[in-house]
Amino acid sequence: MNDDRLKQYNEDGYILIRNLLNEEEIQTIQDLRKRIDEEAEAGGFQNFTKGKTRYEFERIETDGTPARSTLRAVKEPWWNEEAFRKVTGSDKILDVVEQLIGSEIYYHSSKLLFKAARGGRRKPWHQDWAYWDHMNQRQVTVWMAIDEATRENGCIEVLPGSHKNGLIKHHHGEDFMIEESGIDTSQIVYAVMEPGDALFFDVLTLHASAANHSDKGRLCSIIDYDSEPKPDNSRHGSDHPLRSREGEVESLAIT
Ligand SMILES: O=C(O)CCC(=O)C(=O)O
């Protein structure tokens, strides 16, 4: 990323990088999703946990289509899914992350999210840091499109410059969210993305996504990186360094 793009990131609180993942990497995540769906179907689409990874499914019955069960989210796939880790923790991603938060990089958290066609619900406006505001702020979220993400299927939306206003009060409403009535909707940028595109955004950048009313599902990978290990007693973050000023770091065995 050149200096202009870096300046843009600091100004807007996000940067969109096209074609960051190649076709093989996109397919790897699609195959992972397929394997998880097959496993879930065999188990009657019951939620399950493996080590630190949680697999969640939902029944979609809106818009007049026959009810169906489908993947909703894999929380913390990093710990149990080697394919996910290989794709989302590659050097080309860490190289961008390093430019944004520095050369000390720790794994923070991850998700594989699926917004089902004709019924996948919206995510209200929020800042990621609100979930873990006891931690340091030098963190970045990387949102990668695995399916195409459009306005119709609920692409991610951001408010440029919102990271400069600090943490906004959140409450538990429809989700963990801010009071949305004050949002200037004319400022919203819709991050329409092709598979393989990646949005890097600051943990204070306000973002949301609409419900999916289209015929196409929307799969994405999300990963957060931190510049510091987790504080004692924090349930968020990790002590696992991915890059360090001292050079090589040990790779981690799958749990
Ligand atoms: O992918 C989306 O729809 C938004 C997800 C998100 O913002 C989150 O999980 O914090």
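Analyst: A polar contact is a pair of N or O atoms within 3.5 Å. The model discussed here is predicted.

User: What makes the approach of R218 to the ligand a polar contact?

Analyst: An N or O atom in the side chain of R218 lies 2.8 Å from an oxygen atom of the ligand. The cut-off is 3.5 Å, so the pair qualifies. S209 places a side-chain N or O atom 2.6 Å from a ligand oxygen, and a polar side-chain atom of H126 is 3.0 Å from an oxygen atom of the ligand. Both of these distances also fall within 3.5 Å, and therefore S209 and H126 make polar contacts as well. Of the 290 Å² of accessible area that the ligand has on its own, the protein covers 94%.

User: Which residues surround the ligand, and which strands supply at least two of them?

Analyst: The shell consists of K111, L113, K115, K123, H126, D128, W143, H207, S209, R218, C220 and I222. The strands that each supply at least two residues are β5 (105-115), β6 (123-126), β13 (207-209) and β14 (218-226).

User: Why do H126, H207 and S209 count as the polar part of that shell?

Analyst: The shell divides into 4 nonpolar, 3 polar and 5 charged residues. His and Ser appear in neither the nonpolar nor the charged list, so they are classed as polar.

User: Where does the ligand sit, and what is the volume of the largest pocket?

Analyst: The ligand takes up the space of the largest pocket, whose volume is about 1,000 Å³. Among the 36 lining residues, K75, K111, K123, Y131 and W132 are the closest to the pocket centre. By class, the lining holds 13 nonpolar, 10 polar and 13 charged residues. β5 gives the most to this lining, with 8 residues.

User: What makes N2 a cap of helix α1, and what follows that helix?

Analyst: A side-chain oxygen of N2 is 3.2 Å from the backbone nitrogen of D4, at the N-terminal end of α1 (residues 3-12). This distance is within 3.5 Å, so it meets the distance limit for a polar contact. After α1 comes G13, with a positive phi near 85°.

How values were computed: Residues numbered from 1 in each chain as written. Predicted model: local features only at pLDDT ≥ 70, side-chain atom pairs only at ≥ 80, totals over all residues. Heavy atoms only, no water. Near = heavy atom within 4 Å. Polar contact = N/O pair within 3.5 Å; in protein donor to acceptor, adjacent residues only side chain to side chain. Areas by Shrake-Rupley, 256 points an atom, 1.4 Å probe, with all protein chains shown as cover. 1 Å grid on protein atoms, 1.4 Å probe; cavity = no way out; pocket = protein on both sides within 12 Å on 5 of 7 lines; lining within 4 Å. Sits in = over half its atoms within 2 Å of the grid points. Helix = DSSP H or I, 4+ residues; strand = E, 2+ residues; numbered from the N terminus. Points joined across faces, edges and corners; volume = space filled by probe spheres on them.
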